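Please open the structure in your viewer and keep the sequence panel visible beside it. The tour proceeds by selections, each followed by a description of what is found there.

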Amino acid sequence: MIDNVYFWSVVALLAIGTLLIRFSVIAFSNRFEITDRHREVFSYIPAAIIPAIVVPMVFFHKGNLDWLAGKERLFVVVLAAAVCWFTRNMLATIVFGLVTLYLLTHIF
Amino acid sequence: MLPVMTGVIPFGAVMGTAAHEAGLSVWHSTWMNVLVFAGASQLAAVDLMTKNVSLLVVVATGLVINLRFILYSAAFSPFAREAGWGTKLLSAYMLTDQSYAVMSANEAHFRNKQDALTFYFGSCVCMAIAWHLSVLAGFYFGNFSPRDWALDYAVPLSFVVLVIPTLKTWKHRAVAVCSGVFGILFRDLPLNVGLLVAAFCAMAVALLLMRLAGLTKSVRGAR
């Protein structure tokens with residue numbers, strides 16, 4: 001059971017912090033120019049954070065397929081990344097990933 | 001809009017299920033959803049809270065996950081430049097991965113800034129409705145898909161969809177690879193600070209690469 005005070009403290013701090021992050025550049029957009037260098041630094045943020053979330057999530061997942069050493073989620077995420085790279089289509093990528101995982105784990 | 005929603009709905013269902021399984025009431029879950037309004041960080045925070053991780057680490061992890069909103073804030077700022085503080089604050093609150101994706105996909109179609117803002121708020125409201133409803137559905141019906149469908153797999157997939165389009169240069173790709181490797185290496189760090197450390201190291205790699213690329217450019221220029 002999550003303690004009430006603990007929960008609300010997390011939610012309050014996370015809510016305020018997240019809003020400040022979202023507001024950061026918008027708030028000062030008419031005060032100073034965002035240079036190309038700023039933009040370049042910002043452009044690395046998703047690449048620096050998202051793989052650190054996703055890769056361990058799929059890498060350490062214990063699956064059922066012996067021939068993939070239980071790493072079918074890792075295998076499918078690599079395929080889905082390729083689909084996303086070539087199609088640039090969100091719907092296609094997510095559907096492809098879910099369907100491929102289903103087929104792999106239930107039919108083969 | 002539709003392709004974006006397909007990412008939101010399973011994600012919301014997973015979030016609702018996680019909140020329910022963590023023993024949160026629908027009241028707690030909904031307030032968290034409305035106040036924080038950032039699924040990935042909420043999912044991580046709920047997970048860490050069930051492990052009773054220290055307050056500071058839970059909040060810091062959630063905020064690091066949400067640092068990507070700086071990029072979205074920068075991308076959106078030209079549209080909100082002349083708007084009032086209320087509009088600015090509301091548009092900031094509504095910034096999500098999906099609204100960013102929708103805006104950058106439709107950038108060419110806007111006739112003026114007012115047009116863009118109207119489109120933005122319209123799409124954000126649709127997104128918010130889909131999000132809140134799918135979290136509620138997840139909360140009450142658990143994983144409402146057939147049991148053998150691994151709906152939770154939609155979470156890593158939706159992250160893949162977010163990161164791939166940002167890997168425009170070899171430097172971005174290198175940073176992404178480093179981030180993934182750091183994520184694995186630092187997973188077992190004490191206090192669950194693995195993600196924090198991995199993200200900061202990957203960002204350091206990015207700054208280093210920028211500097212190196214800048215140096216080689218100036219060396220070439222001097223010749």
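A salt bridge is here a side-chain nitrogen of Lys or Arg within 4 Å of a carboxyl oxygen of Asp or Glu. By that rule, one salt bridge is found across the interface of chain A and chain B. The model is predicted, and local features need pLDDT of at least 70, side-chain atom pairs count only at pLDDT 80 or more, while totals for chains, interfaces and linings use all residues. Residues are numbered from 1 along each chain as its sequence is written, chains are lettered from A and ligands numbered from 1 in the order in which they are written, and side-chain values use heavy atoms, with hydrogens and water left out.

**Stop 1: the bridge between the chains**

Select A:Glu40 and B:Lys171. Their side chains form a salt bridge, with the closest N and O atoms 3.4 Å apart. The pair crosses between chains, joining helix H2 of chain A, where A:Glu40 lies, to helix H10 (residues 170–185) of chain B, which holds B:Lys171. Helices (H or I, at least four residues) and strands (E, at least two) are DSSP runs, numbered from the N terminus.

Now colour the two residues by accessibility. Buried means under 20% relative accessible area, exposed over 50%, and partly exposed in between (1.4 Å probe, protein chains only). A:Glu40 counts as partly exposed because its relative accessibility is 28%. B:Lys171 has 13% relative accessibility and therefore counts as buried.

**Stop 2: the whole interface**

Next, select every residue of one chain in contact with the other, contact meaning heavy atoms within 4.5 Å. How many residues does each chain contribute to the contact? Chain A gives 68 residues and chain B gives 87 residues. The area buried between them is about 7,500 Å², with 78% of it from carbon and sulfur atoms. Buried area is the accessible area (1.4 Å probe) that two parts lose on being put together, summed over both.

Display the polar contacts across this interface. A polar contact is a pair of N or O atoms within 3.5 Å; within protein, one must be able to donate a hydrogen and the other to accept it, and residues adjacent in sequence count only if both atoms are side-chain atoms. The rule finds 17 residue pairs in polar contact between chain A and chain B, both residues being at pLDDT 80 or more.

Then hide chain B and look at the side of chain A that touches it. Helices H1 (4–27), H2 (36–43), H3 (45–59), H4 (72–87) and H5 (90–106) of chain A each supply at least two residues of this side. Which helix gives the most? H1(A) does, with 20 residues. By class, this side of chain A has 49 nonpolar, eleven polar and eight charged residues. Ala, Val, Leu, Ile, Met, Phe, Trp, Tyr, Cys and Pro count as nonpolar, Asp, Glu, Lys and Arg as charged, and the others, Gly among them, as polar.

**Stop 3: chain B as a whole**

Restore chain B and select it alone. Chain B has eleven helices and zero strands. Its C-alpha atoms fill a box of roughly 65 × 50 × 35 Å, taken along the principal axes. Of its 223 residues, 53% count as buried. Among contacts in chain B between residues at least 6 apart in sequence, 73% join residues at least 24 apart.

**Stop 4: B:Arg68 and B:Asp97**

Bring both chains back and centre on B:Arg68. This residue lies in the loop between helix H4 (55–66) and helix H5 (69–80) of chain B. Is B:Arg68 buried or exposed? B:Arg68 counts as buried because its relative accessibility is 2%.

Leaving aside residues up to four places away in sequence, B:Arg68 touches A:Ile45, A:Ile49, A:Ile50, B:Ala40 and B:Asp97. Side chains of opposite charge can pair when their charged atoms come close. B:Arg68 and B:Asp97 meet through their side chains in a salt bridge (2.7 Å, N to O). This pair links distant parts of the chain, 29 residues apart, with B:Asp97 in helix H7 (residues 97–106) of chain B. At 8% relative accessibility, B:Asp97 also counts as buried.

**Stop 5: B:Asp47 and its surroundings**

Finally, select B:Asp47 and B:Lys51, whose side chains meet in a salt bridge (3.4 Å, N to O). B:Asp47 is partly exposed, with a relative accessible area of 37%, and B:Lys51 counts as partly exposed at 47%. Add B:Glu21, which lies in helix H1 (residues 2–21) of chain B. B:Glu21 and B:Asp47 are 26 residues apart in sequence and 10.0 Å apart in space, C-alpha to C-alpha. B:Glu21 has 65% relative accessibility and so counts as exposed.
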